[in-house]
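Me: Hey, I've just opened this one and don't know my way around yet. Can you walk me through it?

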Amino acid sequence: MARMNVFAKVVGIFALAVLSSCVQGQGNYPPYNKRNNVATVHRRAPIPGAATRTSPAAGGMAPARPAAPASRPAPTPACSAVYVMDALTGRQLYAYNANVRRQVASTQKIITALCVCDSGNLDKMVTVQAAECKEPPIKLGMRPGQQYRKRDLLKAMLTSSFNDVAACLARDTAGSIPAFAARMNARAKRMGMTDSHFVNANGLPADQYSTARDMARAAFYAYRNPTIRSYINIPEYTMTKADGTVRTVRSTNKLLRLYPWVQGMKTGYTNKAGKCLISCGSANGRAVIVVILGSTSSKIWGESLKYLKWGLNIS
């Protein structure tokens, strides 16, 4: 009995050490460098780690084991950049032009969502201002003075990529778009995104950039946020707007509606960025994240699908 007690204590100490390593960004997780926190720009917020992995709000998407070795060679890319990551460990499975800086369009709304969640109080009422209503499409169509719950705006932005909603959340969270962009950049640094710089919340054309590898890091941490993870997994839903009208909000991710094992994430498009898509999928207790940048309308869905299938060993 004494030997069993000693063994139990040793196992308990080891488990605590492993959990601490994961939460602090060690081991296989993308690094969390405390020196990159900028207190005057963005209050320190903990980066979600292993503790949130099995949250019921995550929609049953949590991987239970690392991705298995690929059973066949990686597909040939037909886009500008690709990155495939094990969603459990953060390990690189495949990379093509992964460190090339380029615009990533609305996929950067993932960082917007993380910063909004960092600010807390998702049940706060947000008042729409006139400037946000002037953002170019895609838009929810809000009017100045209307009020929405912050979490309802976050859900709408992640589902249907509304540019006016992203601008509204950014201004409400930080006071202005430049101040919010500073939070995005501080958050990016804390996640180990070393080749990224953002100047707006919605990814519209501007002097900003990221890489396939960096966006995979952002997706890795977003995957661990139960609120974000539940919203990216919604094919469509009905939203009652502030004026009482009802609107169907549909996901911009076509794969989410076609394949039950695909769990969304974020689409993006501008002329300069091309078609972009960050997707996640799971099968047999394993999950992968796929970043596709600089594709075309005719190829983006097939491009993402082939790397999801490859990473999950699905034929």
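Me: How are α5 and α6 set relative to each other?
Reply: They're roughly perpendicular, a label for angles of 65 to 115 degrees (under 35 is roughly parallel, over 145 roughly antiparallel, the rest oblique). The angle between α5 and α6 is about 85 degrees, and their axes lie 8 Å apart. Axes are lines fitted to C-alpha atoms, for helices over the stretch in contact, and angles go from 0 to 180 degrees between N-to-C directions.

Me: Before I go on, what am I looking at?
Reply: It's a predicted model, where local features need pLDDT of at least 70 and side-chain atom pairs count only at pLDDT 80 or more, while totals for chains, interfaces and linings use all residues. Numbering starts from 1 along each chain as its sequence is written, and side-chain values use heavy atoms, leaving out hydrogens and water.

Me: And how many helices and strands are there?
Reply: The protein chain has ten helices and nine strands. Those are DSSP runs numbered from the N terminus: H or I with at least four residues for helices, E with at least two for strands.

Me: Back to that helix pair. Which residues make the contact between α5 and α6?
Reply: From α5 it's Ala167, Ala170, Arg171, Thr173 and Ala174, and from α6 it's Ile177, Ala179, Phe180 and Arg183. Contact here means heavy atoms within 4.5 Å. Sorted by class, that's six nonpolar, one polar and two charged residues. Nonpolar covers Ala, Val, Leu, Ile, Met, Phe, Trp, Tyr, Cys and Pro; charged covers Asp, Glu, Lys and Arg; the others, Gly among them, are polar.

Me: How far does α5 reach?
Reply: α5 runs over residues 163-174, and its first and last C-alpha atoms are 17 Å apart, close to the expected 16 Å. That expected span is 1.5 Å times one less than the number of residues.

Me: Is α5 largely enclosed or largely open?
Reply: Largely enclosed, because eleven of its twelve residues are buried. Buried means under 20% relative accessible area, with exposed over 50% and partly exposed in between (1.4 Å probe, protein chains only).

Me: What covers those buried residues?
Reply: The cover includes α2 (109-119), β3 (125-127), α3 (130-133), α4 (150-160) and α6 (177-190).

Me: So α2 comes up too. How do α2 and α6 cross?
Reply: At roughly 100 degrees, with the axes coming within 9 Å. That makes α2 roughly perpendicular to α6. On the α2 side, residues such as Ile111, Leu114 and Val116 are among those meeting α6, where the partners include Phe180 and Arg183. This contact divides into six nonpolar, two polar and four charged residues.

Me: Switching to sheets. In what order do the strands of the open sheet go?
Reply: β2-β1-β9-β8-β7, five strands with antiparallel pairing. Two strands pair if DSSP finds at least two bridges between them. β2 (92-96) and β7 (262-270) are the edge strands, each pairing on one side only. From one strand to the next the twist averages 5 degrees.

Me: Which helix lies across that sheet's strands?
Reply: α7 (residues 212-222) lies across β1, β2, β7, β8 and β9, running at about 35 degrees to β1.

Me: What about β5, which way do its side chains point?
Reply: They alternate: Tyr237 and Met239 are buried on one face, while Glu236, Thr238 and Thr240 point to the other and aren't buried. β5 also joins β6 (residues 246-250) through five bridges, running antiparallel. The two form a hairpin with five residues between them, and glycine 244 in the turn has a positive phi of about 90 degrees.

Me: Any odd backbone spots?
Reply: A few. Most residues other than glycine have a negative phi, and most peptide bonds are trans. Proline 137 and isoleucine 138 are joined by a cis peptide bond, with omega about 10 degrees. Asparagine 97, not a glycine, has a positive phi of about 50 degrees, and serine 161 has one of about 60 degrees.

Me: Where's asparagine 97, and is serine 161 buried or exposed?
Reply: Asparagine 97 is in the loop between β2 and α2 and counts as partly exposed at 36% relative accessibility. Serine 161 is in the loop between α4 and α5, and counts as buried at 4%.
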